[in-house]
Structures are given as structure tokens and as C-alpha cells.
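Q: Could you walk me through a few of the helix packings here, and a couple of single residues along the way?

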Amino acid sequence: MIRTLLALDSALVLGALSFVLAAEDDIRVVAKVDRGDAVPAAVRDERPDVVVADLDFVEGVDASRLGRCPVLVLAHPRRAGRLRGMRCGTRMVGILRSDVTPQRVVEGIRLLARRQPVLDADLVVAALHAGGPLTGRETEVLALTAQGAPVAEVAVSLGLSSGTVRNHLGRIARKVGARTRVEAVRVAREAGWI
């Protein structure tokens, strides 16, 4: 029996996946949590064989608080860049898109329980290209802008003219398909570029 902990932020997905797993003879859901801060305690209390979790729930968790329990991370392709920053410790980590079929999650649980790799090729490629379309300088400009710095302040911080900063911001918006600076910041954050 594969003892499984579900840590997902959508009640609908949590309930639906729990229902699907209940129909499997070799998998038992031992706990369900809908907050990332509840994951370490649930792992400690329930001692699951596999954790299925949203990227947001395990991204900032100290690996030692999850022991050696394998984790199947579900991530949206636009957030794949954030996978590069994950620290796995000694745990086996599987990575699947958050929009995979429930049967693919079932297969992933079984593979991780046997300590076999589970990787979505598209997510791996996206994580490897995590810098996205932005150059290093564009990333610096957008990161300062995301912190609320006005154009003049960004220019002084980076030793550029205000016109050059505005040119960078225009180029950034076109590259990421945004209409405004605020939208460019949102897109870049969701993609893990800043």
C-alpha cells in the first residue's frame, strides 16, 4: 500500500484526485492539506510514502522537514523556471505539469514509491530555459521596477540614462507579450524570470 499525502491548493482538484486515488487498490490517501505550511507537520504525523504537492507548497520548505519522502511536484509550465531553485536534499522528486490527467499522477505516485524518476520533458526544458527571453540587463531593470523603483531611480542604480531604462522596459514588454510594466512584472514573476 502506497501511503500518499495530497498537498494541493484547489479544493476541487484535491477532492477529485482523492476520489480517483481511492479507487486504486495499491494507493491510500492518508492526509490532505490545502496550505503549504501544513505539509511538514502532515509528513511528520502521517509518514506518507509519497507526497503529491503544488510547486508553491514545497518550493520554500526546508528539505529536512520532509525527510526522505519522495515528492511529486505539480507545476504550471509558466512557473517551470522556479523548479531550478528547488533544493531536494536527499529526496527523490518527480515533476509533472499541473494539468496532467489523474491517471498520470497515479502512475507518477507508483514510480516514485519504487524510487524511479518521474519527469515531464516539457517542464524540464522550460526550467532549463528559465531565464526566458530577457537579457541580464533587462532582468535587472525589471527586477528593480518590480520593487517599485521609478525609471529615474532604476537609471541611477544601474548607471543608465532614463531613456535607456524606458527603452529596456518597452523591449521587455514586447518580449513577454505585456501591454504595461505592471503586466510585464506579473508575467516575469509567474514565469520565474525575476
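A: Before the loop comes up, a word on terms: helices are DSSP runs of H or I with at least four residues, and they are numbered from the N terminus. Please also keep in mind that this is a predicted model.

Q: Fine, so where is Gly-177 found?
A: Gly-177 is found in the loop between α8 and α9, the latter covering residues 181–191.

Q: And is Gly-177 buried or exposed?
A: Gly-177 is exposed, since its relative accessible area is 58% and exposed means over 50%.

Q: How far apart are Gly-177 and Val-187 in space?
A: From C-alpha to C-alpha, Gly-177 and Val-187 are 8.5 Å apart, while in sequence 10 residues separate the two.

Q: What about the helices on either side of that loop, at what angle do α8 and α9 cross?
A: The axes of α8 and α9 cross at roughly 55 degrees and come within 9 Å, and that angle makes α8 oblique to α9. As for handedness, the crossing of these two helices, α8 and α9, is left-handed.

Q: Which residues meet there, between α8 and α9?
A: On the α8 side they are Arg-166, Leu-169, Ile-172, Ala-173 and Val-176, and these meet Arg-181, Ala-184 and Val-187 of α9. Sorted by class, the contact of α8 with α9 holds 6 nonpolar and 2 charged residues, with no polar ones.

Q: Staying with α8 for a moment, is His-168 buried or exposed?
A: His-168, which is found in helix α8 (residues 162–176), is buried, because its relative accessible area is 10% and buried means under 20%.

Q: What does His-168 touch?
A: Leaving aside residues up to four places away in sequence, His-168 touches Arg-137, Glu-138, Val-141 and Leu-160.

Q: New topic: how do the axes of α6 and α7 cross?
A: Helix α6 (residues 136–146) and helix α7 (residues 151–158) have axes that come within 10 Å and cross at roughly 135 degrees, and α6 and α7 are therefore oblique to each other. In this case α6 passes α7 in a right-handed crossing.

Q: And which residues of α6 and α7 meet?
A: Arg-137, Glu-140, Val-141, Leu-144 and Thr-145 of α6 meet Val-154, Ser-157 and Leu-158 of α7. The residues in this contact of α6 with α7 divide into 4 nonpolar, 2 polar and 2 charged. Arg-137 and Val-141, which belong to the α6 side of that contact, are also among the residues that His-168 touches.

Key. Residues are numbered from 1 along each chain as its sequence is written. This is a predicted model: local features need pLDDT of at least 70, side-chain atom pairs count only at pLDDT 80 or more; totals for chains, interfaces and linings use all residues. Side-chain values use heavy atoms; hydrogens and water are left out. Axes are lines fitted to C-alpha atoms, for helices over the stretch in contact, and angles run from 0 to 180 degrees between N-to-C directions. Angles under 35 degrees count as roughly parallel, over 145 as roughly antiparallel, 65 to 115 as roughly perpendicular and the rest as oblique. A crossing is left-handed if the near helix is turned anticlockwise from the far one by less than a right angle, and right-handed if clockwise. Contact means heavy atoms within 4.5 Å. Ala, Val, Leu, Ile, Met, Phe, Trp, Tyr, Cys and Pro count as nonpolar, Asp, Glu, Lys and Arg as charged, and the others, Gly among them, as polar. Buried means under 20% relative accessible area, exposed over 50%, partly exposed in between (1.4 Å probe, protein chains only).
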